[in-house]
Amino acid sequence: MTEVAELDSVDWRILEELQNDATLPNRTLADLVGLAPSTCLQRVRRLRELGVITGFHAVVDPRTTGLPLEAVVSVNVRPHTRPVVAAFRAFVMAQPETRSLFHVSGTADFLIHIAVADSTHLQAFLMDKIASRTEVRNLTSSVVLERVETRALTPPADRRPTHRRRRV
(Lines give C-alpha, C1' and ligand atoms only; values in the text may rest on other atoms or scores of the structure.)
Protein backbone atom coordinates (compact mmCIF):
# COMPACT_ATOMS: atom_id res chain seq x y z
CA MET A 1 0.00 0.00 0.00
CA THR A 2 1.20 3.50 -0.80
CA GLU A 3 2.32 5.53 2.19
CA VAL A 4 0.23 8.63 2.84
CA ALA A 5 2.24 11.84 2.70
CA GLU A 6 1.77 14.43 5.42
CA LEU A 7 0.43 17.51 3.64
CA ASP A 8 -0.30 20.86 5.20
CA SER A 9 -2.56 23.63 3.96
CA VAL A 10 0.21 25.22 1.87
CA ASP A 11 1.04 21.89 0.19
CA TRP A 12 -2.62 21.55 -0.79
CA ARG A 13 -2.64 25.10 -2.20
CA ILE A 14 0.43 24.28 -4.29
CA LEU A 15 -1.18 21.08 -5.54
CA GLU A 16 -4.39 22.85 -6.46
CA GLU A 17 -2.60 25.59 -8.39
CA LEU A 18 -0.38 23.12 -10.27
CA GLN A 19 -3.32 20.87 -11.13
CA ASN A 20 -5.11 23.85 -12.62
CA ASP A 21 -2.02 25.05 -14.53
CA ALA A 22 1.16 23.00 -14.40
CA THR A 23 2.96 25.58 -16.55
CA LEU A 24 2.99 28.21 -13.81
CA PRO A 25 6.48 29.66 -13.33
CA ASN A 26 7.76 29.06 -9.80
CA ARG A 27 7.71 32.79 -8.99
CA THR A 28 4.01 33.04 -9.97
CA LEU A 29 3.17 29.89 -8.02
CA ALA A 30 5.00 31.26 -4.97
CA ASP A 31 2.99 34.50 -5.17
CA LEU A 32 -0.29 32.59 -5.48
CA VAL A 33 0.36 30.48 -2.38
CA GLY A 34 2.12 33.16 -0.31
CA LEU A 35 5.66 31.78 -0.19
CA ALA A 36 9.11 32.94 -1.12
CA PRO A 37 10.13 31.45 -4.50
CA SER A 38 12.95 29.40 -2.94
CA THR A 39 10.61 27.92 -0.32
CA CYS A 40 7.98 27.19 -2.96
CA LEU A 41 10.54 25.38 -5.10
CA GLN A 42 11.65 23.28 -2.10
CA ARG A 43 8.04 22.32 -1.39
CA VAL A 44 7.36 21.32 -5.00
CA ARG A 45 10.55 19.22 -4.99
CA ARG A 46 9.44 17.57 -1.73
CA LEU A 47 6.00 16.78 -3.20
CA ARG A 48 7.70 15.13 -6.19
CA GLU A 49 10.12 13.17 -3.97
CA LEU A 50 7.21 11.92 -1.85
CA GLY A 51 5.41 10.74 -4.98
CA VAL A 52 2.49 13.13 -4.46
CA ILE A 53 3.26 14.83 -7.78
CA THR A 54 3.90 12.07 -10.29
CA GLY A 55 4.25 14.14 -13.46
CA PHE A 56 3.02 17.06 -15.51
CA HIS A 57 0.78 16.60 -18.54
CA ALA A 58 -0.70 18.62 -21.37
CA VAL A 59 -4.48 18.26 -21.70
CA VAL A 60 -5.35 17.72 -25.36
CA ASP A 61 -8.85 18.18 -26.78
CA PRO A 62 -9.42 15.06 -28.93
CA ARG A 63 -11.88 16.93 -31.18
CA THR A 64 -9.10 19.17 -32.46
CA THR A 65 -6.96 16.16 -33.40
CA GLY A 66 -9.59 14.41 -35.53
CA LEU A 67 -10.76 12.07 -32.76
CA PRO A 68 -14.06 13.70 -31.75
CA LEU A 69 -15.96 10.58 -30.68
CA GLU A 70 -15.22 9.43 -27.14
CA ALA A 71 -16.64 6.33 -25.50
CA VAL A 72 -16.36 4.38 -22.29
CA VAL A 73 -16.16 0.63 -22.78
CA SER A 74 -17.06 -1.75 -19.95
CA VAL A 75 -15.29 -5.10 -20.27
CA ASN A 76 -15.44 -8.39 -18.38
CA VAL A 77 -12.57 -10.86 -18.65
CA ARG A 78 -12.36 -14.49 -17.64
CA PRO A 79 -10.61 -15.97 -15.89
CA HIS A 80 -10.09 -12.94 -13.70
CA THR A 81 -6.54 -13.85 -12.67
CA ARG A 82 -3.45 -11.69 -12.27
CA PRO A 83 -1.80 -12.95 -15.49
CA VAL A 84 -4.97 -12.38 -17.55
CA VAL A 85 -5.55 -8.94 -16.01
CA ALA A 86 -1.91 -7.93 -16.60
CA ALA A 87 -1.94 -9.08 -20.22
CA PHE A 88 -5.26 -7.37 -20.95
CA ARG A 89 -4.11 -4.15 -19.26
CA ALA A 90 -0.89 -4.12 -21.31
CA PHE A 91 -2.81 -4.77 -24.54
CA VAL A 92 -5.37 -2.01 -23.93
CA MET A 93 -2.74 0.56 -22.91
CA ALA A 94 -0.81 -0.18 -26.12
CA GLN A 95 -3.80 0.85 -28.27
CA PRO A 96 -3.62 4.41 -29.63
CA GLU A 97 -7.36 4.90 -29.02
CA THR A 98 -7.00 4.38 -25.25
CA ARG A 99 -7.09 7.54 -23.15
CA SER A 100 -7.37 5.86 -19.75
CA LEU A 101 -8.03 2.49 -18.22
CA PHE A 102 -9.58 1.60 -14.89
CA HIS A 103 -9.53 -1.87 -13.32
CA VAL A 104 -12.68 -1.73 -11.21
CA SER A 105 -14.96 -3.72 -8.96
CA GLY A 106 -18.65 -4.13 -9.67
CA THR A 107 -20.41 -5.35 -12.79
CA ALA A 108 -17.44 -4.65 -15.08
CA ASP A 109 -13.81 -5.63 -14.65
CA PHE A 110 -12.45 -2.75 -16.73
CA LEU A 111 -13.57 0.65 -17.92
CA ILE A 112 -11.70 1.90 -20.98
CA HIS A 113 -11.97 5.55 -22.04
CA ILE A 114 -11.25 5.87 -25.75
CA ALA A 115 -11.19 8.55 -28.45
CA VAL A 116 -11.91 7.59 -32.08
CA ALA A 117 -12.59 9.31 -35.38
CA ASP A 118 -16.16 8.13 -35.94
CA SER A 119 -18.64 5.29 -35.39
CA THR A 120 -16.84 3.10 -37.95
CA HIS A 121 -13.60 3.51 -36.00
CA LEU A 122 -15.49 2.74 -32.76
CA GLN A 123 -16.95 -0.43 -34.26
CA ALA A 124 -13.54 -1.57 -35.50
CA PHE A 125 -11.95 -0.92 -32.09
CA LEU A 126 -14.69 -2.87 -30.29
CA MET A 127 -14.90 -5.81 -32.68
CA ASP A 128 -11.38 -6.19 -34.01
CA LYS A 129 -9.35 -5.22 -30.97
CA ILE A 130 -11.41 -5.89 -27.82
CA ALA A 131 -14.11 -8.49 -28.58
CA SER A 132 -11.67 -10.64 -30.56
CA ARG A 133 -9.53 -11.32 -27.47
CA THR A 134 -10.12 -14.76 -25.97
CA GLU A 135 -10.29 -13.52 -22.37
CA VAL A 136 -13.08 -11.00 -23.10
CA ARG A 137 -16.45 -12.41 -22.04
CA ASN A 138 -18.61 -9.38 -22.73
CA LEU A 139 -18.39 -5.67 -23.37
CA THR A 140 -20.67 -2.67 -23.42
CA SER A 141 -19.87 0.68 -24.92
CA SER A 142 -21.31 4.07 -24.02
CA VAL A 143 -20.72 7.09 -26.22
CA VAL A 144 -19.64 10.15 -24.25
CA LEU A 145 -22.17 12.93 -24.84
CA GLU A 146 -20.33 15.52 -22.79
CA ARG A 147 -16.93 15.46 -21.16
CA VAL A 148 -16.64 17.50 -18.00
CA GLU A 149 -13.01 18.17 -17.21
CA THR A 150 -11.36 16.55 -14.23
CA ARG A 151 -11.02 19.07 -11.48
CA ALA A 152 -8.13 19.52 -9.12
CA LEU A 153 -7.90 16.98 -6.31
CA THR A 154 -8.62 18.72 -3.02
CA PRO A 155 -9.22 17.24 0.42
CA PRO A 156 -12.78 17.00 1.74
CA ALA A 157 -13.63 19.72 4.27
CA ASP A 158 -13.27 17.34 7.23
CA ARG A 159 -9.74 16.35 6.11
CA ARG A 160 -8.47 19.77 5.03
CA PRO A 161 -5.44 20.81 7.09
CA THR A 162 -5.67 24.23 8.66
CA HIS A 163 -2.05 24.43 9.73
CA ARG A 164 1.36 24.73 8.14
CA ARG A 165 3.81 21.91 8.62
CA ARG A 166 6.60 22.70 11.04
CA ARG A 167 10.15 22.28 9.86
CA VAL A 168 11.84 19.25 11.30
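**A four-stranded sheet and its helices**

The strands of this predicted model form an open sheet of 4 strands in the order 2-3-1-4, with antiparallel pairing. Strands here are DSSP runs of E with at least two residues, helices are runs of H or I with at least four, and both are numbered from the N terminus; two strands pair if DSSP finds at least two bridges between them. Strand 2 (98-103) and strand 4 (136-143) are at the edges with a single partner strand each, so one side of each has no neighbour in the sheet. From one strand to the next the twist averages 20 degrees; axes are lines fitted to C-alpha atoms, for helices over the stretch in contact, and angles between N-to-C directions run from 0 to 180 degrees.

Strand 2 is paired with strand 3 (residues 110-116) in the antiparallel sense over 5 bridges. In this pairing, His103 stands opposite Phe110 in strand 3. Helix 4 (residues 82-93) packs on the sheet and touches strand 1 (69-77), strand 2, strand 3 and strand 4, where contact means heavy atoms within 4.5 Å. The direction of helix 4 makes about 165 degrees with that of strand 2.

Elsewhere, the axes of helix 1 (residues 9-20) and helix 3 (residues 37-49) come within 11 Å and cross at roughly 85 degrees. Helix 1 is therefore roughly perpendicular to helix 3, a term that covers angles of 65 to 115 degrees. Helix 1 contributes Val10, Asp11, Ile14, Leu15 and Leu18 to the contact, and helix 3 contributes Arg43, Val44, Arg46 and Leu47. These residues divide into 6 nonpolar, no polar and 3 charged, counting Ala, Val, Leu, Ile, Met, Phe, Trp, Tyr, Cys and Pro as nonpolar, Asp, Glu, Lys and Arg as charged, and the others, Gly among them, as polar.

Residues are numbered from 1 along each chain as its sequence is written, and side-chain values use heavy atoms, without hydrogens and water. Local features need pLDDT of at least 70 and side-chain atom pairs count only at pLDDT 80 or more, while totals for chains, interfaces and linings use all residues.

Notes. Angles under 35 degrees count as roughly parallel, over 145 as roughly antiparallel, 65 to 115 as roughly perpendicular and the rest as oblique.
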